[in-house]
Every structure is written in structure tokens, then in C-alpha cells.
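Visitor: I'm new to this one. Could you walk me through how to read it?

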Amino acid sequence: MDAAISVLVVEDNALNRKVAVSLLEKLGVRAETARTGEEAVAAVKAKDFDLVLMDIELPGMGGLAATREIRRWQAEKAARGMRRGNIMIVATTAHQGQDVRKQCLDVGMDEVVVKPLRAEDLQDLVSRRQSGARESSLAAARDAPGGSRAEGDSSAGSEKSEGDERPSQVSAGSDNSALNTGREAAMDLRQMVVFSLCNEKYAIDINHLKRIVWAGAITPVPGVPSHILGIVNLRGDLVSVVDLGQLLGLKTRAPTGSKPSLLVTHNKGIDVGFLVDSVDDVIELPSRSIDPPLITLEREYAGFLEGEAKFGEALIAILNYERIMASDKMRLK
Amino acid sequence: MIETGARMPQTTIVLFRIGGFLLGAAVDEVEQGLRSGGAAVDAASCPPVDLRELLGLAASEQTRGRELLLIRVGAQRFLAAVDSVEGLVTLDRSALRPLPPLIAAGRIGRWVWGIALVQAEMAFLVSFAGLAARGGGEG
């Protein structure tokens, strides 16, 4: 059986939080959440977590400072002879630079995962942490009266010993095959971000998403087509902004009253923010529920649709992100 | 917030505006700013260069062209009309960014090599080096 682990997701963006929790739930892991560094520190002091996914850019106390505080608190506990919580802290960040990685490791984080969080990354982390939790249980049993003495506390669980196995390989038997069947079913599910454009619902596969942000000040750029609105500064990262409605040939932009958002996507090393009227939900769609598109766009844009799907009462147009990115409209000359 | 390391080298930029756009050029490439009509400049030795055309500004983008920049590229000099010269700014190199790839691939990428983050604004950094190869002057 898999060792049950407790996970804390620290993320200020509500949708990103939901995505992380939802990906973890697919792996059979229940997660708790915190929105700020202060909340994260309080949560860790109040409860033993095995794994903390820590966004490094948070309002108020950032992820680096929160980690520093958690490690300081752990060291203090250890110095007083209290068993140190064995917490694996993994930075989640949109920055890929070595300097950011070094800063994360310097404050005591165990690993750095570049956003967007992917199911494979989380599965790997959870598997390794589960192995670590199992090792800790065995060590605790050995520490117990009558047990053999453990040589030392295993470190934060980021290291994997020779004998470690992935959960699906840990034991044979009916429990495990049921687990595998469940995972296969989960693999058929596609996670989509649903958003609104001109009062219609659209969705793209979450794997293309790097982050979702409110659309802040967009600096126009001279000499570009009108669907390229300009550049936005996302905490120092400059990202091109494309009006997705215009790109899809949707001419009427009805005021929705909601705050426009940017879907920041990543493709072949290029980040592009797509402006949408609102981001509404993150859903899971079985692949087989996506039908060929009956919704029509003008002929020029028809290739941008992958299909459509019913979700509750809503009909959602699923966009073909790769085709959009490969289109002439996204290749300036 | 990411903590930065040692102090970065600095660069000085001349800031100017055309239409609604804030632009910048390396101080080495700008000899001086002149008020339009206020100084006699030898038109033969300083052919005019139309930055609006180079940068692809839309026809609807109103400009006044009240000031001139005397641009130096090697031994050549050019005159460019701008709306206003905002002055000099010295920035850490960390405040300079390349154009985002999608935009760099377009027309603007031929003349703009990057962006300077100047307080809350972005200044498009123009490189005039290509003017010499182009032969200079309008058109």
C-alpha cells in the first residue's frame, strides 16, 4: 500500500491552487492550502506535513523567507531534542534560472519545480515522498522500545535509496491493480482551463499553461498587427499579449463586467499571454467526450478548434493550441 | 522577491517619445537634441531619418515632431524628428530586457533590440547601427 502523505500547497493564485490540489487528488493525495508565506509557516507549525509545494513569489512573506523560517523552526526543535519534522519543501516557480534555483536550495528547499505543475512531476515527488514516509515509519519502529536503533534521521526525503520503488510497483495484489485501473482512468482525463470570450465558453489543455494572472497594464508595441496588444511585465518577465478574441475572429466583444485575465502559455521556449474576458474554471474532461467541432468560426480560423464538449449545461469549444501557435497570425514578419 | 547579487554594470540611455511610445537609444548614438527649426543643420551631411516609418507606427498615431535628435552612426550623422526628448537615464543592466520572441520576430525587431524598464514604463531601445547599411535618409 502507498504510505499516506500530507501535502501543503502554498500558492497565492486561486486557480493555480485549484490545479495543484486537483492534480494531487488524481494521485490519491489530499492536500491543504495556504495563500501566503505567513499562512504556510503557521500551517507547518500546526501540523506535520510531509511535502510542501512552495510558490516562491507570494504577497507579504515570500516562499524563500517562509522556507527559511520553517527550517529555522525545525532546527530549533531539533536542538531541544524534539524529533525534527521531516518536511520536503519543493519550490514552484516560473523562473528557470540557475540563480533562482540556487537561492531556493540555499534557504533549505529540497528541489525546484518549474511551473506549470505537471502531473508527472507531482507523481514523481509524491512517489518519492511516500517512499521517504515509509522509511521514516520503519525508522520510528526501530526507534521504539525493542526495535533496532536507527543510524540517523533521513533527510528531507528528496533522496531516493536503492531499494525505493514507485508506488505502483511496491506490492502486487488486488489493491494495487485497482489502484492502477483508477490511474489509467485518470490518464484518460484531460484537464482543461475554461474561460469566456464574447459570452461563449472556450477551453485549452492545462498542460500549455504556465500561469494565469489578472491582465495588468499592457504596453502597446508599434508596428504589430492589431491582435497583438503589446507587452506585459510579469514581475520582471516581459510577455507578449495576444487578444484571443481577435485572433479567433470574434468581432463583437461584449462587456462582461468581469476582470480580464491573461492565460500565460509556454510553447517551444516562447511565453505568450492570451487575453480573455474571464477565467472561469478548471475541469476534467474524458478524452472521449470531446466531439468534432460543430461550433463554427470563420473559415480562416476553423483550424483553431480541436473540438467541443458538453460540461453540465455549457457547450465548450476546445481550442487547438498547437495550431494557434503555428498559425501565420503568430508568426510576425 | 528574488534577491539580486552584486551591483550590476550600468548603461545610460537617451529617452524620447514618438506618438504614444517611449523610446530609448544608447547615449553613444545620440550626438545632441535640437529644437526643430531652432538650429541650422547641414541637411546634406545629416540626412533625415523617419523613425515613424522605421518602427511601423500606424498612420493614426499622432506625432508632432517638435524636436530633433542628431544621431551618430560611425562617421555618419542623421536627423530624426521626435515629439519630445525626455532626457537621460542611467539604468542597471538588469533593467534591460530583450524583446519577447513573438514581437522580436516582427518588423520592430529590425530596429528595436530590447526594452528598458524605466519606473512603471517600458522604453523600446532603438539601435541606429542599421542606418549606415541602409544608406540613411528618408525612404
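Guide: Sure, let's begin with chain A, which has nine helices and 16 strands. Both are DSSP runs numbered from the N terminus: helices are H or I with at least four residues, strands are E with at least two. This is a predicted model, where local features need pLDDT of at least 70, side-chain atom pairs count only at pLDDT 80 or more, and totals for chains, interfaces and linings use all residues. Residues are numbered from 1 along each chain as its sequence is written, chains are lettered from A in the order in which they are written, and side-chain values use heavy atoms, with hydrogens and water left out.

Visitor: What share of chain A counts as buried?

Guide: Buried means under 20% relative accessible area, exposed over 50%, partly exposed in between, using a 1.4 Å probe and protein chains only. Here, 51% of the 333 residues of chain A count as buried.

Visitor: Is Cys46(B) buried or exposed?

Guide: Cys46(B) counts as buried because its relative accessibility is 2%. Cys198(A), at 15%, counts as buried too.

Visitor: How many disulfides are there?

Guide: A disulfide is a pair of cysteine sulfur atoms within 2.5 Å. Over all chains, the structure holds zero.

Visitor: And how do I read contacts?

Guide: Contact means heavy atoms within 4.5 Å. Among the contacts in chain A with a separation of 6 or more, 61% are between residues 24 or more positions apart.
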